[in-house]
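Hi,

Here is the structure I said I'd pass on. Have a look at it first, and my notes on what turned up follow below.

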Amino acid sequence: MRLPGKGKKGKGRLKSAGKKQKKAEVDILSPAAMLNLYYIAHNIADCLQLRGFRWPGAPKSKKGKNKT
């Protein structure tokens, strides 16, 4: 028996653990990506590091730095 004014309480749909969404492939050499890289990279090593090509012994970047 339900009380008046109370709707169903549900958690909604749960994502199945077996399915993962595919990420769209991005062309890192596209003109838009190159323009973005031009503004954010300071040198070629920085450019490669931002694109995911790190060299052995590179210091790991700290995510979530405080900008005060």
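Let me start with two tyrosines: Tyr 38 and Tyr 39 are both exposed. Keep in mind throughout that this is a predicted model. The structure holds one aromatic pair, and it is these two rings: the centres of Tyr 38 and Tyr 39 lie 5.2 Å apart with the planes at 80°, so the pair is edge-to-face. For an angle to get that label, it has to be over 60 degrees.

Now the overall picture. The secondary structure comes to two helices and zero strands. The chain has 68 residues, and 12% of them count as buried. About 7,800 Å² of the chain is exposed, with carbon and sulfur atoms supplying 58% of that area.

Then there is the surface. A nonpolar patch is formed there by Ile 28, Leu 29, Met 34, Ile 44, Leu 48 and Phe 53, and together these residues have about 600 Å² of accessible area. I looked at two of the members in more detail. Ile 28 is found in the segment before α1, the helix that covers 31-40. Its relative accessibility is 35%, so Ile 28 counts as partly exposed. Met 34 sits in helix α1 itself and is also partly exposed, because its relative accessible area is 37%. The cut-offs behind both calls are under 20% for buried and over 50% for exposed, with partly exposed in between.

Met 34 also gives a handle on how parts of the chain are placed in space. Its C-alpha atom is 10.0 Å from that of Cys 47, and the two residues are 13 apart along the chain. A second pair of this kind is Ile 40 and Leu 50: ten residues separate them in sequence, and their C-alpha atoms are 8.8 Å apart. Ile 40 belongs to helix α1, and with 39% relative accessibility it counts as partly exposed.

The residue I'd look at next is Asp 46, in helix α2. What is the nearest side chain of opposite charge to Asp 46, and how far away is it? It is Arg 54, at 8.8 Å; Asp 46 is buried yet has no salt bridge. A salt bridge would need a side-chain nitrogen within 4 Å of a carboxyl oxygen, so this distance does not qualify. Asp 46 does have a polar partner, though: its side chain reaches the backbone nitrogen of His 42 at 3.1 Å.

As for Arg 54, its place is in the segment after α2, which runs over 44-50. Is Arg 54 buried or exposed? With a relative accessible area of 53%, Arg 54 is exposed. Its side chain reaches the backbone oxygen of Gln 49 at 3.5 Å.

That's what I have for now. Over to you!

Key: Residues numbered from 1 in each chain as written. Predicted model: local features only at pLDDT ≥ 70, side-chain atom pairs only at ≥ 80, totals over all residues. Heavy atoms only, no water. Patch = residues over 30% accessible without salt bridge, like charges linked within 9 Å, V, L, I, M, F, W, Y side chains within 5 Å. Areas by Shrake-Rupley, 256 points an atom, 1.4 Å probe, with all protein chains shown as cover. Helix = DSSP H or I, 4+ residues; strand = E, 2+ residues; numbered from the N terminus. Buried < 20%, exposed > 50% of the residue type's maximum accessible area, 1.4 Å probe, protein only. Polar contact = N/O pair within 3.5 Å; in protein donor to acceptor, adjacent residues only side chain to side chain. Phe/Tyr/Trp six-rings, centres within 6.5 Å; stacked < 30°, edge-to-face > 60°. Lys, Arg positive; Asp, Glu negative; His and termini not counted.
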